Amino acid sequence: RVQARMREVGARSPMELQSYFIRRLEKFLSSRGKRLVGWDEILEGGIAPNATVMSWRGAAGGIEAALHGHDVVMAPAPVMYLDHLQSDALDEPPGRPSLVTLADVYAFEPVPAEIPAERAHHVLGAQMNAWTEHMRTPERVQHAAFPRLAALAEVTWSRADRRDFDDFISRLAPQLERYEALGVRYARSALEPRAAAKRLAGASPASRRDEELKTCSNKLALHLEDDAPARGPRAVFHVDIIDACWIYERAPLEGKQRIAVTVGQLPFNFQLWKDAKGVVVRPATTREGELTVRLDSCEGEVIATLSLAAALKNDELTRLEGSLAARAGTHDVCLTFGTGRTDPLWVIDRVELL
């Protein structure tokens with residue numbers, strides 16, 4: 001049916017058919033005094049005459065649209081995406097672990113240099129985007145939005161030569177008092193984004209939280225909240241959902257005889273589209289599945305294997321413990337789950353060398 005429709009309207013590709021649809025929709029809206037605004041995918045196949053472009057895949061789409069006389073709202077990822085963490089504090093709420101700090105937002109330029117002055121009026125403004133798959137409560141949304149929205153307000157409402165981040169920070173203090181008076185749960189961590197680095201420096205080398213472990217490939221790393229318990233606080237896990245694999249760097253194995261790993265499980269319900277075929281699934285060697293610990297690399301010698309049998313019966317955190325092959329000195333250690341399936345997604349909360 002789609003191919004037949006393409007032939008009927010003279011579209012040579014699916015993108016041209018999309019453009020045909022968007023042009024029809026734009027004409028319909030215009031006839032009723034409305035205005036079409038679309039994500040920058042509407043540029044593909046040819047843009048409708050009076051459409052406004054929401055530029056999210058970087059600034060390129062917005063630049064292209066403005067140069068061709070279209071109005072633009074700048075909303076580029078990642079700096080305009082509130083689901084990125086704004087601090088590397090260990091207790092930061094769930095989200096995408098790559099940071100978009102208060103300073104990053106303040107440094108954002110809504111009118112890219114590639115847009116000449118005579119076309120600058122086509123940039124209507126900027127928009128931050130709050131995708132809430134990582135924000136389970138209204139308080140989480142407030143934490144993600146404030147005070148970063150204050151930085152965006154000043155960036156969009158002030159001339160470039162009037163902006164100064166240090167001055168902004170000094171003037172932010174009374175704004176934070178207003179947030180307090182209004183009950184807005186703003187992110188205090190946004191004002192000290194190196195907090196985690198200070199804590200990591202004093203971390204125990206024989207016990208590491210998941211945030212202190214390195215992901216093996218960092219293809220799509222997220223901070224994900226546990227789905228249990230139904231009430232009360234939940235654990236937050238740092239995991240690469242494409243390749244769930246962790247490296248415990250410079251693990252002090254001298255004299256260590258046992259290993260304990262606290263694990264959890266999450267439903268694998270991610271819409272990965274093209275990336276789905278790249279998800280790494282490691283085979284199980286037992287019916288229940290296991291957590292395998294290897295020396296020096298993820299293809300190295302197996303020095304511990306922990307059964308997932310106990311964890312399968314528990315929706316919350318489970319502490320697994322087992323023998324560790326004796327080794328001298330410090331080594332990088334690789335931890336992976338072998339289950340033969342993607343669902344559930346097994347995750348690590350803490351590793352202890354005993």
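These entries record what I looked up on disulfides, nonpolar cores and cavities in a predicted model.

**Disulfides**

I searched the whole structure for disulfides and found two. With the bonded cysteines numbered in sequence order, I noted the pairing as 1-2, 3-4.

I took the pair C216 and C245 first; the S to S distance is 2.0 Å. The torsion about this S-S bond is about -65°, so I entered the disulfide as left-handed. C216 sits in the loop between β6 (214-215) and β7, while C245 belongs to strand β9, so the bond ties together parts that are 29 residues apart in sequence. I then checked accessibility: C216 is partly exposed at 29%, whereas C245 is buried at 1%.

I turned next to C298 and C334, whose sulfur atoms are 2.0 Å apart. Here I read 95° about the S-S bond, a right-handed link. C298 lies in the loop between β11 and β12 and C334 in strand β14, with their positions 36 residues apart in sequence. C298 has a relative accessibility of 25% and counts as partly exposed; C334, at 1%, is buried.

**Nonpolar cores**

I looked up the largest nonpolar core and found 41 residues in it, with I241, I259, V261, L335 and L345 having the most contacts inside it. The elements giving two or more residues to this core include β7 (221-225), β9 (245-252), β10 (258-266) and β14 (330-338). Strand β15 provides the largest share, six residues.

I followed I241 further. Leaving aside residues up to four places away in sequence, I241 touches L220, L222, L224, F268, F270, L272, V279 and L345. Apart from this core I recorded another, of 37 residues, including A66, V100, A150 and L152.

**Cavities**

I counted two cavities of 30 Å³ or more. The largest holds about 170 Å³ of space. Of its 16 lining residues, those closest to the centre are A244, V280, T339, R341 and L345. I sorted the lining of the largest cavity into eleven nonpolar, two polar and three charged residues. L345 thus appears in my notes both beside the centre of this cavity and among the residues with the most contacts in the largest core.

For the second largest cavity I entered a volume of about 90 Å³. Its lining has 14 residues, and L82, L85, P94, H143 and A144 are nearest the centre. Helix α5 (residues 138-145) contributes the largest share of this lining, three residues. I sorted the lining of the second largest cavity into six nonpolar, four polar and four charged residues.

Definitions and conventions:
Residues numbered from 1 in each chain as written. Predicted model: local features only at pLDDT ≥ 70, side-chain atom pairs only at ≥ 80, totals over all residues. Heavy atoms only, no water. 1 Å grid on protein atoms, 1.4 Å probe; cavity = no way out; pocket = protein on both sides within 12 Å on 5 of 7 lines; lining within 4 Å. Points joined across faces, edges and corners; volume = space filled by probe spheres on them. Nonpolar A, V, L, I, M, F, W, Y, C, P; charged D, E, K, R; others polar. Helix = DSSP H or I, 4+ residues; strand = E, 2+ residues; numbered from the N terminus. Core = buried A, V, L, I, M, F, W, Y, C linked by side-chain atoms within 4.5 Å. Buried < 20%, exposed > 50% of the residue type's maximum accessible area, 1.4 Å probe, protein only. Contact = heavy atoms within 4.5 Å. Disulfide = S-S within 2.5 Å.
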